[in-house]
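Subject: Structure handover

Hello,

Please find the structure below. My notes on it follow.

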Amino acid sequence: EPVEKKPLVATSSLPTAVQVNYVSGGGAANLPVRVSALVKPKWVNFPDHEGFSFSPPQRQDGSDTQDNDEGARVVADKLPLTLDRHGAGQVVVEPISPAPAPRELLLEASYADPNGEVQTLRSTQTLWPAQVVAGLKTEGWASVGQKIRFQALALDLSGKAQADASIEVKAVSRITTTSRKRMVGGFYTYDNKTETKDLGTVCSGKSDSRGLLLCEAKLGEPGQVELVATAKDAQGRPS
């Protein structure tokens with residue numbers, strides 16, 4: 001587990017503690033251990049704010065950053081560690097690259113037990129980009145040229161409303177073009193091409209006592225439009 005017992009916010013280096021004890025009692029003195037760490041996308045959900053999306057933006061190609069564990073990355077690979085006479089030890093996991101959305105950090109420590117079998121310890125932590133979490137709630141559809149209403153939300157890491165947080169909402173138009181090609185034997189193949197267009201900032205301001213920023217905007221682009229909310233904490237770190 002992490003040495004410090006506090007939320008991991010904008011963490012680039014993580015001191016990690018390992019403790020192994022014998023079932024019969026006492027620490028596993030001088031035990032060789034290997035420590036690994038993996039960072040991957042994390043789904044964030046707060047039951048008190050049903051209907052709000054806390055998912056990260058899509059990739060440029062239109063796929064979601066969460067699909068099939070895409071974005072998973074090893075940050076530590078079998079770092080060697082020898083425990084002290086109390087069965088305890090520490091190792092630093094680094095570097096951890098910054099990201100604009102919450103992620104999951106999986107820590108693993110492996111060692112050979114007295115029978116020679118490899119055992120693995122696991123610990124899962126959340127990496128937060130800031131002390132604030134951004135959320136967004138929309139009606140889901142609108143006609144081109146008509147005003148749409150949506151709500152941006154700022155929460156703290158425990159899911160409580162965060163007042164007076166700076167929030168900005170940008171819009172991105174995503175158009176997918178499909179072309180059909182005839183193959184030998186009368187079969188067809190389909191090629192998809194996705195183009196994105198930045199529509200700029202459509203809403204910005206400070207959250208109220210409920211953590212909300214009520215927005216209204218007019219979008220002139222047909223097709224799929226993605227709204228991306230960014231909230232900043234008191235230190236100016238974006239999420």
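A strand here is a DSSP run of E that is at least two residues long, and strands are numbered from the N terminus. By that numbering Val-93 lies in strand 5. Please keep in mind that this is a predicted model.

Overall make-up

The chain has 13 strands and 0 helices. Read along the sequence, its pattern is therefore β throughout: β-β-β-β-β-β-β-β-β-β-β-β-β. The radius of gyration is 23 Å, whereas a compact globule of 239 residues would come out near 18 Å. Taken along the principal axes, the box filled by the C-alpha atoms is roughly 70 × 65 × 30 Å.

Of the 239 residues, 36% count as buried. The exposed surface of the chain is about 14,400 Å², and 48% of that is supplied by carbon and sulfur atoms. As for charge, the chain carries 27 positive and 28 negative charges, and the mean positions of the two sets are 4 Å apart. Among contacts between residues at least 6 apart in sequence, 69% join residues at least 24 apart.

The disulfide

How many disulfides are there in the model? The count comes to 1. The partners are Cys-203 and Cys-215, with their sulfur atoms 2.0 Å apart; the cut-off for calling a disulfide is 2.5 Å, so the pair qualifies. Cys-203 sits in strand 11 (residues 188-206) and Cys-215 in strand 12 (residues 212-218), so the link ties together parts that are 12 residues apart in sequence. The angle about the S-S bond is -75°, and the link of Cys-203 and Cys-215 is left-handed. Both ends of the link are out of the way: Cys-203 is buried, and Cys-215 is buried too. For the chemistry, a disulfide is a covalent bond between the sulfur atoms of two cysteines.

Two strand residues, one buried and one exposed

Val-93, the strand 5 residue mentioned above, has a relative accessibility of 0% and so counts as buried, the limit being under 20%. Which residues does Val-93 touch, not counting those up to four places away in sequence? The list is Ser-12, Ser-13, Leu-14, Thr-16, Ala-37, Val-75, Ala-76 and Leu-107. Of these, Ala-76 is 17 residues from Val-93 in sequence, and the two C-alpha atoms are 6.2 Å apart in space.

Asn-192 is found in strand 11. With a relative accessible area of 57%, Asn-192 is exposed, because the limit for that is over 50%. Leaving aside neighbours within four places in sequence, Asn-192 is in contact with Thr-176, Thr-177 and Thr-178. The C-alpha atoms of Asn-192 and Thr-178 are separated by 4.5 Å, although the two residues are 14 apart along the chain.

Backbone points in the loops

Most residues other than glycine have a negative phi, and most peptide bonds are trans. Three places in this model depart from that, and you may want to look at them on screen.

- Asn-30 has a phi near 60°, a positive value in a residue other than glycine. Asn-30 is found in the loop between strand 2 (14-19) and strand 3 (32-41), and at 54% relative accessibility Asn-30 counts as exposed.
- Asp-164 has a phi near 65°, again positive in a residue other than glycine. Asp-164 lies in the loop between strand 9 (147-155) and strand 10. Its relative accessibility is 54%, so Asp-164 counts as exposed.
- Glu-94 and Pro-95 are joined by a cis peptide bond, with omega about -10°. Pro-95 lies in the loop between strand 5 (88-93) and strand 6 (103-112).

A long separation

Where is Gly-186 placed? Gly-186 is in the loop between strand 10 (166-182) and strand 11. At 30% relative accessibility, Gly-186 counts as partly exposed. Gly-186 and His-86 are 100 residues apart along the chain, and their C-alpha atoms are separated by 72 Å.

Regards

Terms used
Residues are numbered from 1 along each chain as its sequence is written. This is a predicted model: local features need pLDDT of at least 70, side-chain atom pairs count only at pLDDT 80 or more; totals for chains, interfaces and linings use all residues. Side-chain values use heavy atoms; hydrogens and water are left out. Helices (H or I, at least four residues) and strands (E, at least two) are DSSP runs, numbered from the N terminus. Buried means under 20% relative accessible area, exposed over 50%, partly exposed in between (1.4 Å probe, protein chains only). The radius of gyration is taken over C-alpha atoms; the globule rule is 2.2 Å times the number of residues to the power 0.38. Contact means heavy atoms within 4.5 Å. Accessible areas come from the Shrake-Rupley method with a 1.4 Å probe; for residues, only the protein chains shown count as cover. Lys and Arg count as positive and Asp and Glu as negative; His and the chain ends are not counted. The place of a charge is taken as NZ of Lys, CZ of Arg, CG of Asp or CD of Glu.
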